[in-house]
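This note is addressed to a colleague who is meeting the structure for the first time. Please keep the sequence and the model in view while reading.

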Amino acid sequence: MDQIKATDTVTTRLQHWSVTNPDTPAFIYAKPGGTRHVYTREQVYSLSRRGVSRGDVVLCLVPSSPEQLFIVFGCSLLGAPVLVIPIILSDGRDIVVMMNLGNVNTIVLDAEDETSISILKKHIPGLAEGKVTSDVIPSLSKRRVL
């Protein structure tokens, strides 16, 4: 077994283990009712590297799930700040304030989350996958929605 160095981080270890022990379970997600999903070190590492780019400031509206883990790890791997917060107010004012304070330029959400999508569309009329703009959230014009 190789030694862990003081300079190692979770992401550097994950990258290392994705190559040296790719089939070892790294994350087990159990749902109520007994459904289990097991993700190997290689899967967690490779799935975490999709969609987010260096320089992104990410708002993650994906609920607690393996996908949320992959988003957070991906942001960590790239050094991209990530806000993982729910929309609380039905008109979305709270999330607009957070996006502006954080200069969010990338939103990640579940395409089937009709509630979040309808709230965001109040502030981002052209909300769609790909590049978006919003007068209310100027930092969005630089990036996209995933």
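The numbered points below take up selected residues and elements in turn.

1. The model under review is a predicted one. The remarks that follow should be read with that in mind.

2. Helix α3 covers residues 66-78, which makes 13 residues. From its first C-alpha to its last it reaches 18 Å, close to the 18 Å expected at 1.5 Å a residue. The buried residues of α3 are Pro 66, Gln 68, Phe 70, Ile 71, Gly 74, Cys 75, Leu 77 and Leu 78. After the helix comes Gly 79, with a positive phi near 75°.

3. A UniProt annotation deserves attention here. The unreviewed entry places a "transmembrane region" at residues 69-89. In the model, 48% of the span 69-89 is helix and 14% is strand. The C-alpha atoms at the two ends of this span are 25 Å apart.

4. How many disulfides does a search of the whole structure find? The search returns 0. The sulfur of Cys 60 has its closest cysteine sulfur in Cys 75, at 7.7 Å, and the two are not bonded because this is too far for a bond; a disulfide would require the sulfur atoms to be within 2.5 Å. Cys 75 is likewise in no disulfide. Cys 60 counts as buried, at 1% relative accessibility, and Cys 75 is also buried, at 1%.

5. Arg 41 belongs to helix α2, residues 41-47. Is this residue buried or exposed? Its relative accessibility is 16%, so Arg 41 counts as buried, the limit for that class being under 20%. Leaving aside residues up to four places away in sequence, Arg 41 touches Leu 14, Trp 17, Ser 18, Asn 21, Pro 22, Thr 24 and Ala 26. Between Arg 41 and Ala 80 the C-alpha to C-alpha distance is 21 Å, with a separation of 39 residues in sequence.

6. Asp 56 sits in the loop between α2 and β3, the latter being residues 58-60. With a relative accessible area of 1%, Asp 56 is buried. Its side chain reaches the backbone nitrogen of Ser 53 at 2.8 Å.

7. Asn 103 is found in the loop between α4 (93-102) and β5 (106-108). Its phi is near 50°, a positive value in a residue other than glycine. Most residues other than glycine have a negative phi. The relative accessible area of Asn 103 is 49%, so the residue is classed as partly exposed.

Definitions and conventions:
Residues are numbered from 1 along each chain as its sequence is written. This is a predicted model: local features need pLDDT of at least 70, side-chain atom pairs count only at pLDDT 80 or more; totals for chains, interfaces and linings use all residues. Side-chain values use heavy atoms; hydrogens and water are left out. Helices (H or I, at least four residues) and strands (E, at least two) are DSSP runs, numbered from the N terminus. Buried means under 20% relative accessible area, exposed over 50%, partly exposed in between (1.4 Å probe, protein chains only). Contact means heavy atoms within 4.5 Å. The expected span of a helix is 1.5 Å times one less than its number of residues. UniProt positions are given in the numbering used here, feature names are shortened, and annotations may be inferred rather than shown by experiment. A polar contact is a pair of N or O atoms within 3.5 Å; within protein, one must be able to donate a hydrogen and the other to accept it, and residues adjacent in sequence count only if both atoms are side-chain atoms.
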